[in-house]
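Work through the exercises below with the sequence and the model side by side, and try each task before reading its solution.

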Amino acid sequence: MVSSQFNSINSDTLDQIFSNAHSEVFKTFNCLNCANCCKNYSPIIEPEEINLLSTALNISAVELFENYVEMDEEGDFVFKSQPCPMLNLEDNKCTIYESRPRACREYPHTNMKAIKNHLELLKKNIEICPAADEIVQRVIKQIEDVEA
Ligand code: SF4
Ligand code: SF4
């Protein structure tokens, strides 16, 4: 399991190993061949990002909520439907790429600080994201090599 592999590692060291693996894997991964996150994961939209989205779509905030965004059970703003309505399903490109929410920019969160405190999120993301899965496999291998 993901969590048991990381228990013995210092948090800062684990962040550094993840950050290196993240950089290496994303050098070669082409997300346009995948888009699993945009098809299966609903990013949280921060309140301050609402205006950015409506500007990008050239619609009012009211129209944004009428057509694309709702509040979920936890009180977070999310897109109403999946695949994400901003995804072009023909080429897997985000139609609001420059204005996409921070949650999209940071996905799959494999280079976040104190990743040891976010292992549940990591477990969820490796189910969806092949790059995150590859990153975790590399991190586990590196730890096993050091401990061998
Ligand atoms: S806003 Fe763009 S990057 Fe974010 S889930 Fe939708 S299509 Fe993907
Ligand atoms: S699921 Fe992972 S590999 Fe696929 S597009 Fe999203 S970030 Fe890229």
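The exercises that follow treat the domains, one helix, the nonpolar core and the two ligand shells.

This is a predicted model, in which local features need pLDDT of at least 70 and side-chain atom pairs count only at pLDDT 80 or more, while totals for chains, interfaces and linings use all residues. Residues are numbered from 1 along each chain as its sequence is written, and chains are lettered from A and ligands numbered from 1 in the order in which they are written.

**Exercise 1. Find how the chain is divided into domains and what distance separates their centres.**

Step one: domain 1 takes residues 1-32 + 109-148 and domain 2 takes 42-106, with bounds that come from an automatic or database domain assignment. Step two: the centres of domain 1 and domain 2, taken over C-alpha atoms, are separated by 27 Å.

**Exercise 2. Check the span of helix α8 and locate its buried residues.**

Step one: helices are DSSP runs (H or I, at least four residues) and strands likewise (E, at least two), numbered from the N terminus. Step two: the expected span is 1.5 Å times one less than the number of residues, so the 18 residues of α8 (residues 130-147) should span 26 Å, which agrees with the 26 Å between its end C-alpha atoms. Step three: a residue is buried if 20 or more other C-beta atoms, placed from the backbone, lie within 10 Å of its own, exposed if 12 or fewer, and partly exposed in between. By this rule the buried residues of α8 are Ala131, Ala132, Ile135, Val136 and Val139. They lie on the same side of α8, because they cover an arc of only 135° around the axis, the arc being that of the directions from the helix axis to the C-beta atoms. The face turned away from this buried side carries the exposed residues Lys141, Glu144 and Asp145.

**Exercise 3. Describe the largest nonpolar core.**

Step one: such a core is a set of buried Ala, Val, Leu, Ile, Met, Phe, Trp, Tyr and Cys residues joined through C-beta atoms within 7 Å. Step two: the largest has 22 residues, and among those with the most contacts inside it are Phe18, Cys37 and Ile135. Step three: α8 gives the most to this core, with five residues, and each of domain 1 and domain 2 supplies at least three.

**Exercise 4. State which residue classes surround ligand 1 and ligand 2.**

Step one: a residue is near a molecule if its C-beta atom, placed from the backbone, lies within 6 Å of it. Step two: Ala, Val, Leu, Ile, Met, Phe, Trp, Tyr, Cys and Pro count as nonpolar, Asp, Glu, Lys and Arg as charged, and the others, Gly among them, as polar. Step three: the shell around ligand 1 has nine nonpolar, no polar and one charged residues, and includes Cys38, Cys84, Cys94, Arg100 and Cys104. Step four: the shell around ligand 2 has 11 nonpolar, one polar and no charged residues, including Cys31, Cys34, Asn36, Cys37 and Cys129.
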